[in-house]
Amino acid sequence: MDLGIAGRKALVCAASKGLGRGCAEALAREGVAVTILARTESAVRKTAEEIGAMSGRPVQWLACDITTPEGRAAALAACPEPDILVNNAGGPPPGDFRDWNRDAWIRAIDANMLTPIELIKATIDGMIAREFGRIVNITSSAVKAPIDFLGLSNGARSGLTGFVAGLARKVAQHNVTINNLLPGSFDTDRLRITLESRAKAAGKARIRPDASAAPPNLAPRAPFCAAHRPAISSGRMC
Ligand code: NAD
């Protein structure tokens with residue numbers, strides 16, 4: 001199916017591996033001009049080269065921490081007017097809420113709520129003016145089915161979901177959509193670290209992730225949400 005997004009420009013955050021990388025690959029396959037970022041230069045450069053070789057289109061890259069104002073400024077300098085914005089960042093650590101202080105909460109809210117909101121704020125008026133914009137937030141199924149030991153994630157991502165729900169309704173008339181991808185368990189480094197920590201807390205040797213849940217199984221939802229004529233409406237959680 002031609003999604004009608006070839007030639008569009010996408011900024012895909014936190015994409016040297018895992019779900020961000022999967023989304024970047026899926027968009028590149030659709031002919032989108034992709035810019036990816038992650039914190040480690042060697043890793044993000046290597047991923048950009050691999051996606052470029054796979055898709056036959058050069059992939060721009062930069063190394064930055066997207067949760068900082070400097071990182072966001074660098075990302076927007078590299079891809080100033082994205083048609084497609086995929087918001088993503090590392091998830092907060094699992095644990096017991098009794099151990100989290102204010103700083104832990106602020107870090108989670110910064111990374112998983114305020115960072116995407118800042119990037120939306122910086123890009124959405126341009127999208128409205130150009131009458132095309134697709135914003136896709138990688139959040140978590142914990143928004144619909146909260147997980148006890150991921151309280152920081154449950155809280156920060158629910159805040160983002162609430163904010164987006166209001167804004168999405170307002171901007172849809174300008175052909176700008178905002179949708180949230182809600183991964184369950186996908187076999188990435190993040191999931192492995194979370195499961196190891198749970199196994200340790202439960203005194204078990206290891207909890208195995210579902211091997212069928214590879215990042216490519218989530219990634220096609222990103223170009224689908226970015227389609228020229230979106231087959232799903234805005235403000236959805238899928
Ligand atoms: P991952 O560890 O495989 O990959 C994370 C990517 O983000 C890496 O490229 C890393 O370099 C980059 N990154 C992390 N923090 C960054 C920052 N501050 N600035 C720039 N780049 C940064 O993780 P993943 O499994 O792909 O998870 C992506 C997001 O999806 C996380 O927020 C995670 O909590 C969430 N999530 C994942 C799952 C799952 O099953 N994998 C389920 C629900 C939610």
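Here are some informal notes on the structure above, which is a predicted model.

1. **The overall layout.** Start with the big picture. The protein chain has 7 helices and 6 strands. Reading from the N terminus, the elements go β-α-β-α-β-α-β-α-β-α-β-α-α. The radius of gyration is 17 Å, close to the 18 Å that the globule rule gives for 238 residues, so the chain is as compact as a globular protein of that length. If you want box dimensions, the C-alpha trace spans about 50 × 40 × 35 Å along its principal axes.

2. **Burial and contacts.** Of the 238 residues in the protein chain, 42% are buried. Now think about which parts of the chain meet. Take the contacts between residues at least 6 apart in sequence: 72% of them join residues at least 24 apart.

3. **Helix H1.** Have a look at H1, which covers residues 18–29. Its 12 residues should span 16 Å at 1.5 Å a residue, and the end C-alpha atoms are 17 Å apart, which agrees. How many of its residues are buried? The count is 11 of 12, so this helix is mostly covered. Among the buried ones are Gly18, Cys23, Leu27 and Ala28. After the helix comes Gly31, with a positive phi near 85°.

4. **The nonpolar core.** The largest nonpolar core holds 56 residues, and Val12, Leu27 and Leu37 have the most contacts inside it. H1 supplies the largest share of this core, with 6 residues. Val12 is worth clicking on. Setting aside neighbours within four places in sequence, Val12 is in contact with Gly20, Cys23, Ala24, Leu27, Val34, Ile36 and Val86. Leu27 turns up twice here, as a contact of Val12 and as one of the residues with the most contacts in the core.

5. **Around the ligand.** Which residues come nearest to the ligand? Out of 26 residues around it, they are Ala14, Gly18, Gly90, Gly91 and Arg190. Helix H1, strand S2 (33–38) and helix H6 (189–202) are the elements that give two or more residues to this shell. By class, the shell has 11 nonpolar, 10 polar and 5 charged residues.

6. **Two residues with a positive phi.** Some background first: most residues other than glycine have a negative phi. Ala14 is not a glycine, yet its phi is positive, about 50°. Glu131 is not a glycine either, and its phi is also positive, about 55°. Their surroundings are worth a look too. Ala14 sits in the loop between strand S1 (9–12) and H1, and it is buried because 28 other C-beta atoms lie within 10 Å. Glu131 sits in the loop between H4 and S5, and it is exposed because just 10 other C-beta atoms lie within 10 Å.

7. **Phe132.** Is this residue buried, partly exposed or exposed? Phe132 has 18 C-beta neighbours inside 10 Å, so it counts as partly exposed; being buried would take 20 or more. Phe132 lies in the loop between H4 and S5. Not counting residues up to four places away in sequence, Phe132 touches Asp83, Met127 and Asn175. For a sense of distance, Phe132 and Arg57 are 75 residues apart along the chain, and their C-alpha atoms are separated by 22 Å.

8. **Thr40.** You'll find Thr40 in the loop between S2 and helix H2 (41–55). Thr40 has 12 other C-beta atoms within 10 Å, so it is exposed; the limit for that label is 12 or fewer. Leaving out residues up to four places away in sequence, Thr40 touches Ser16 and Ala63. Met127 is 87 residues from Thr40 along the chain, with 29 Å between their C-alpha atoms.

9. **Helix H5.** Last one. The 21 residues of H5 (residues 151–171) should span 30 Å at 1.5 Å a residue, and the end C-alpha atoms are 30 Å apart, which agrees. The buried residues of H5 are Gly151, Leu152, Ser153, Asn154, Ala156, Arg157, Leu160, Val164 and Val171. What covers them includes helix H4 (102–130), strand S5 (133–138) and strand S6 (176–181).

Technical notes: Residues are numbered from 1 along each chain as its sequence is written. This is a predicted model: local features need pLDDT of at least 70, side-chain atom pairs count only at pLDDT 80 or more; totals for chains, interfaces and linings use all residues. Helices (H or I, at least four residues) and strands (E, at least two) are DSSP runs, numbered from the N terminus. The expected span of a helix is 1.5 Å times one less than its number of residues. Two residues are in contact if their C-beta atoms, placed from the backbone, lie within 7 Å. A residue is near a molecule or strand if its C-beta atom, placed from the backbone, lies within 6 Å of it. Ala, Val, Leu, Ile, Met, Phe, Trp, Tyr, Cys and Pro count as nonpolar, Asp, Glu, Lys and Arg as charged, and the others, Gly among them, as polar. The radius of gyration is taken over C-alpha atoms; the globule rule is 2.2 Å times the number of residues to the power 0.38. A nonpolar core is a set of buried Ala, Val, Leu, Ile, Met, Phe, Trp, Tyr and Cys residues joined through C-beta atoms within 7 Å.
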